[in-house]
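Here's a friendly walk through a protein model, meant for someone opening it for the first time. Have a look at the sequence and the structure, then read on.

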Amino acid sequence: MLWVGKGRAMKDFEKFFEDVPSDSLSAVITVAMDMNASYNKLVTKHLPKARIVYDRFHMQSQFGRDVFGTVRLDEAHRHKAKEKEILADISNDTDKETMKSLKQEAKAEKQEYSQLKKLRWSLFTNSDKLSDSKTEQLQSILQDHHDLAVCYAMKEEMCRLYELTDYQQAVIGWTKWFQAAKESEIPALVRFAVRKEKRLPSLAAHAIYSISTGKLEGFNNKIKVAKRIGYGYRDDDFFFTLISYLSIPSVRSPSHKKL
């Protein structure tokens, strides 16, 4: 079943429940969605018996952006600031040996900065899919950056939790994950855990219903490619949602170029 709707506000998505026959809605047993509060409220209102499953893609994507992105850039900026600080200590009165040493220190800080800036995809990629050289480079950087190493370990544990097939084990696992995150004293990680902890039951529900909004994300990516190819054509914006009897993916808001 395919349903197309314009907009992503509650009133826009409400139309889906008006258009779809009630007997079809009664067949829905679980719903995959992102963590938009509007979708949660609407599904709870119209499908009170359906189990909500928060999408793995969005959880990991937000962790990458809000935690990894913040911590990695903070670490990189510290090296950049340290490089500038070292170079500022060099003056015309600095003797050659000291100047050489300071320049080497500044160069090392610059290299650390550059490596951290390029580290993004290695951090996001599952460890078993990294090449030996990438793994060695990643481990070398993690050894020297405590906060980044903690966040990486939390990312790996999150991936493991999504492989669980027992709900109670998933609840226990996510509970420990959130507790460890809050005790890390890493601001970005703590904020993420506090925001997401209240979603625990629907995160653990993935162990029962291994569904996601992956197909919808695939369509969105195709639309983004079409936008790039059709750059310059008249823009005809529309938003759409794909909904099946057993899964209601999240509503996204891409733009489509009329080719």
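## Starting at Met 10

Let's begin with Met 10: once its neighbours within four places in sequence are set aside, this residue is in contact with Ser 38, Lys 41 and Leu 42. Take the pair Met 10 and Ser 38, which sit 28 residues apart in sequence, while their C-alpha atoms are 5.7 Å apart in space.

Met 10 belongs to helix H1, which covers residues 10–19. Is Met 10 buried, exposed or partly exposed? It counts as partly exposed, because its relative accessibility is 33%, and that value falls between the 20% and 50% cut-offs.

## The overall build

Keep in mind that this is a predicted model. The protein chain holds 12 helices and two strands. Reading from the N terminus, the elements go α-α-β-α-β-α-α-α-α-α-α-α-α-α.

Of the 259 residues in the protein chain, 42% are buried. As for the outside, the protein chain exposes about 15,000 Å², with carbon and sulfur atoms supplying 52% of that area. Now for the contacts with a separation of 6 or more: 68% of them in the protein chain join residues 24 or more positions apart.

## How confident is the prediction?

The average pLDDT of the protein chain is 83, and 87% of the residues score at least 70. One stretch to read with care is residues 237–259, where the pLDDT is below 50; in the model this stretch has 103 contacts beyond near neighbours in sequence.

Which element has the highest mean pLDDT, and which the lowest? Among the elements of the protein chain, H9 comes out highest at 97, and helix H12 (residues 214–229) comes out lowest at 72.

## Inside the core

The largest nonpolar core has 54 residues. The members that touch the most others in this core are Met 59, Phe 63, Leu 148, Trp 174, Trp 177 and Leu 189.

Trp 174 makes a good example to click on. Not counting neighbours within four places in sequence, Trp 174 is in contact with Met 59, Met 158, Leu 161, Tyr 162, Leu 200, Leu 203 and Ala 204.

## The largest pocket

There's also some open space to find: the largest pocket has about 500 Å³ of it. Its lining is made of 16 residues, and those closest to the pocket's centre are Gln 60, Ser 61, Gly 64, Trp 121 and Phe 124.

Which elements give two or more residues to this lining? They are H4, helix H6 (120–124) and helix H8 (146–161). H4 gives the most, with eight residues.

## Two glutamates to compare

Glu 83 lies in helix H4, which spans residues 56–88. Glu 83 counts as buried because its relative accessibility is 10%, which is under the 20% cut-off. Leaving out neighbours within four places in sequence, Glu 83 has contacts with Ala 106, Glu 109 and Lys 110.

Glu 185 sits in the loop between helix H9 (167–183) and helix H10 (187–196). With 70% relative accessibility, Glu 185 counts as exposed, since that is over the 50% cut-off. Its backbone has a detail to look for, too: Glu 185 has a positive phi of about 65°, although this residue is not a glycine.

Technical notes:
Residues numbered from 1 in each chain as written. Predicted model: local features only at pLDDT ≥ 70, side-chain atom pairs only at ≥ 80, totals over all residues. Heavy atoms only, no water. Helix = DSSP H or I, 4+ residues; strand = E, 2+ residues; numbered from the N terminus. Buried < 20%, exposed > 50% of the residue type's maximum accessible area, 1.4 Å probe, protein only. Contact = heavy atoms within 4.5 Å. Core = buried A, V, L, I, M, F, W, Y, C linked by side-chain atoms within 4.5 Å. pLDDT = per-residue confidence, 0-100. Areas by Shrake-Rupley, 256 points an atom, 1.4 Å probe, with all protein chains shown as cover. 1 Å grid on protein atoms, 1.4 Å probe; cavity = no way out; pocket = protein on both sides within 12 Å on 5 of 7 lines; lining within 4 Å. Points joined across faces, edges and corners; volume = space filled by probe spheres on them.
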